[in-house]
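User: I would like to go through this model step by step, with the reasoning behind each answer. Please begin once the structure is shown.

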Amino acid sequence: MSHVAIVTDSASDLDPARAASLGIAVVPLIVNFGKDAFSAGVNLSTDQFWQRMTAPEAPFPTTAACSPGDFQQAYQRAFDGGADGIVSVHVAGTLSGTIKAAEIGKAMFKDRDIHIVDSMSASMGEGILAELGVEMSKMGVSAGEIANVLTRRRDDIGVFLALDTLEYLKRGGRISGASAAIGTLLSVKPIIEIKDGRVETAERVRTRGKAREKLLELLCTRPMDRLSILHTTNADVDAFAAQLVPNVPGGIDPSRVTIDLVGPSVGPHLGPGCVGAVALYTEASRTA
């Protein structure tokens, strides 16, 4: 039976230990705090990131894509480890240059079976697809077919997050300053959606309680195969999970639900106090 290795990047927010247990190789993005540069998940853990991020007078962190050389090394390790093919699942190309680096890395292996998948998403919208790839690999599915399925299933990913402020998205260049200013003036709690590789404001509500009610409404529209409940620091994620899980249409197996802390590659754009979820909806419930 052929072996297909799954590779992703740290914007997937997969916990390093969990990724390692699944055999997923995670290529780190770069996180900069002023003049200090770190590799996400390598010499900057998620807990360390949030300690730095929320420290008084800490410089605002910025992120940078992985290098093509990082992917070349990851792919070489996979082949050296016995892989016959690789499926490499990445943060949306509209949000990061990471996938371009992966394509360049792939070009260094002219005669090898490597497939690059743009998740058109970020955080666990990307991570869930990587995990799905592992399941198919264990079943002996070919690299090409895994890539085809993941490309199809990305249309079943829904990502909704309630933020305390739009300021971090503005600083990271993901939305306009005008949009952030309007949100601040109105003292609203914005709810964002990642759709078709873009960050969009789905709703604006006045209180955290209303934001969570709206999240339930936006998320619980279809039956789900998997659910990742996402949060940053200072968010009461357990209470939100207790609200969300019972409202999943048709119910969901608890083993298919995870609670995931956003890591150093995505956290700079969301800021503290964020909560939300990523749903992988069932294919059968798709309307178009």
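User: How many bridges join strand S3 to S5?

Analyst: Keep in mind that this is a predicted model. Strand S3, which covers residues 30–33, runs antiparallel to S5, and within this pairing Phe33 stands opposite Pro61 in S5. The number of bridges that join S3 to S5 is four.

User: Which strands are the edge strands of the open sheet that has the order S4-S3-S5?

Analyst: Three strands form this sheet, and their pairing is antiparallel; neighbouring strands are turned by 25° against each other on average, with direction ignored. An edge strand here pairs on one side only, and that applies to S4 (36–39) and S5 (61–64).

User: At about what angle to S3 does helix H2 run?

Analyst: Helix H2 is made of residues 46–53 and lies across S3, S4 and S5. Taken against S3, the angle at which H2 runs is about 30°.

User: Which residue forms a salt bridge with Arg256, and how many residues apart are the two?

Analyst: A search of the whole structure finds 14 salt bridges, and one of them links distant parts of the chain, with Arg256 in the loop between helix H10 (237–244) and strand S12 (257–261) and its partner in helix H5 (residues 124–138). The closest N and O atoms of this pair are 3.5 Å apart. The partner is Glu135, and the separation along the chain is 121 residues.

User: Is Arg153, which forms a salt bridge with Asp225, buried or exposed?

Analyst: The closest N and O atoms of Asp225 and Arg153 are 3.1 Å apart, and the pair brings together strand S11 (residues 224–231), where Asp225 lies, and helix H6 (residues 143–153), where Arg153 lies, 72 residues apart. Asp225 is partly exposed, with a relative accessible area of 30%. For Arg153 the relative accessible area is 7%, and because buried means under 20%, Arg153 counts as buried.

User: What relative accessibility does Asp156 have, given its salt bridge with Arg286?

Analyst: Asp156 sits in the loop between H6 and strand S8 (157–162), whereas Arg286 belongs to the segment after strand S13 (275–281), 130 residues apart, and their closest N and O atoms are 2.7 Å apart. Both residues belong to one network of salt bridges that share partners, which also includes Arg152, Arg153, Arg222, Asp225 and Glu283. Arg286 counts as partly exposed at 27% relative accessibility, while Asp156 counts as buried, its relative accessibility being 0%.

Terms used. Residues numbered from 1 in each chain as written. Predicted model: local features only at pLDDT ≥ 70, side-chain atom pairs only at ≥ 80, totals over all residues. Heavy atoms only, no water. Pairing = 2+ DSSP bridges. Axes fitted to C-alpha atoms, helices over the stretch in contact; angles between N-to-C directions. Contact = heavy atoms within 4.5 Å. Salt bridge = Lys/Arg side-chain N within 4 Å of Asp/Glu carboxyl O. Buried < 20%, exposed > 50% of the residue type's maximum accessible area, 1.4 Å probe, protein only.
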